[in-house]
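Trainee: Before we discuss this model, could we go through it term by term, setting each value against the rule behind it?

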Amino acid sequence: MYHANYHTHSHFCRHFKGTEREIVEKAIENGITKLGFSDHSPQVFRNGYTEGMRMGLDEISSYVGLIRELREEYKNDIEIYVGFEGEYLPSIFDGLYDICKEYDIDYMIMGQHQLEYPGGLTYERVFSEEIIHTVKSFVNTVIEGMETGCFSYIGHPDVYNWHAAPRDEYVTEMTRLCVRAKELNIPLEVNNLGHTENRHYPGDLFFGIAKEVGNSIVVGIDAHSPDQVNPEDINSTIEYAESLGLPIVKEITMLHPWRDGKTPT
Ligand SMILES: [Zn+2]
Ligand SMILES: [Zn+2]
């Protein structure tokens, strides 16, 4: 039975519909007993550049406060956690770590939608020419991010759409990612939102590689609205996850080195 979900958003990301309370009530109604909010982490660059798809620095305390209020209010029905879906962007990662420490965040999952380049950030769609270089950068970044010990699992590890990349090179690169995830005991997510919306992820090619390597997987709803917490979609994603023949982690170990007084490695 599906009872723990760690990939849930909130209105602070600005591409969310409904309320956090509705999400909590939907989760309870559907037998979820552990619910982690992991909204897109704030991201502010040294030059002051911020983005529209995530909360601002001035909203962190409202986000954390709201989720903690819900946690208290619903504590007899469900365990609620407050986390982030974070990008590993080396030049500003110490800032994110400090935020996790300051607000005593329960956990982070990695949602790597972006890569850092000397000239700034890019999404994969922007950088489509030498696509295998982007694949390599992505894998290097995710590996470095996992090695910080700050990410409890990797959200949609196959989010980048690289159908134009040479298949054998893609396999080589993603094998590297999967091997390191396995060594570090970090599960890889089968993403419910992508599955429900028939996106290119979760995909057979990536999870075929994970199968060869023997990774463990976790199902994350990636809810951006209460409607997405519904048993039909979730069960269909679980069926897909089960068909992969990989061990499914039902409850993750939440990593929070900032709480244990560690400094980022
Ligand atoms: Zn989002
Ligand atoms: Zn997400």
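**Burial and the zinc site**

Mentor: Let us begin with His224, which counts as buried because its relative accessibility is 11%, and the limit for that word is under 20%. Please keep in mind throughout that this is a predicted model.

Trainee: Why does His40 count as buried?

Mentor: The reasoning is the one used for His224: buried means under 20% relative accessible area, and His40 has 3% relative accessibility, so His40 counts as buried.

Trainee: What makes His15, His40 and His224 the protein donors of the zinc ion (ligand 1)?

Mentor: A donor here is an N, O or S atom within 2.8 Å of the metal, and the NE2 atoms of His15, His40 and His224 lie 2.0 to 2.1 Å from the zinc ion (ligand 1). These distances meet the cut-off, so the three atoms are called donors. Along the chain, the donors follow the spacing H-x24-H-x183-H. The pair His40 and His224 links distant parts of the chain, 184 residues apart, with His40 in strand β2 (residues 34–40) and His224 in the loop between β9 (217–220) and α8 (231–243).

Trainee: How far apart are the zinc ion (ligand 1) and the zinc ion (ligand 2)?

Mentor: The two ions are 4.6 Å apart.

Trainee: Why is Glu189 called buried, and what is Glu189 in contact with?

Mentor: Glu189, which lies in strand β8 (residues 188–191), has a relative accessible area of 0%, and since buried means under 20%, Glu189 is buried. Contact means heavy atoms within 4.5 Å, and, leaving aside neighbours within four places in sequence, the residues in contact with Glu189 include His7, Tyr153, His156, Phe207 and Val218. As for Ser225, 36 residues from Glu189 along the chain, the C-alpha atoms of the two are separated by 19 Å.

Trainee: How do you know that the radius of gyration of the protein agrees with that of a compact globule?

Mentor: For 265 residues, a compact globule would have a radius of gyration near 18 Å, and the protein has 17 Å, so the value agrees with the rule. The C-alpha atoms fill a box of roughly 50 × 45 × 35 Å along the principal axes, and 54% of the 265 residues count as buried.

Trainee: Which share of the contacts in the protein with a separation of 6 or more comes from residues 24 or more positions apart?

Mentor: Such residues account for 80% of those contacts, in a protein that has eight helices and nine strands.

Note on methods
Residues numbered from 1 in each chain as written. Chains lettered and ligands numbered in written order. Predicted model: local features only at pLDDT ≥ 70, side-chain atom pairs only at ≥ 80, totals over all residues. Heavy atoms only, no water. Helix = DSSP H or I, 4+ residues; strand = E, 2+ residues; numbered from the N terminus. Rg over C-alpha atoms; globule rule 2.2 N^0.38 Å. Buried < 20%, exposed > 50% of the residue type's maximum accessible area, 1.4 Å probe, protein only. Donors = N, O, S within 2.8 Å, 3.2 Å for Na, K, Ca; no water.
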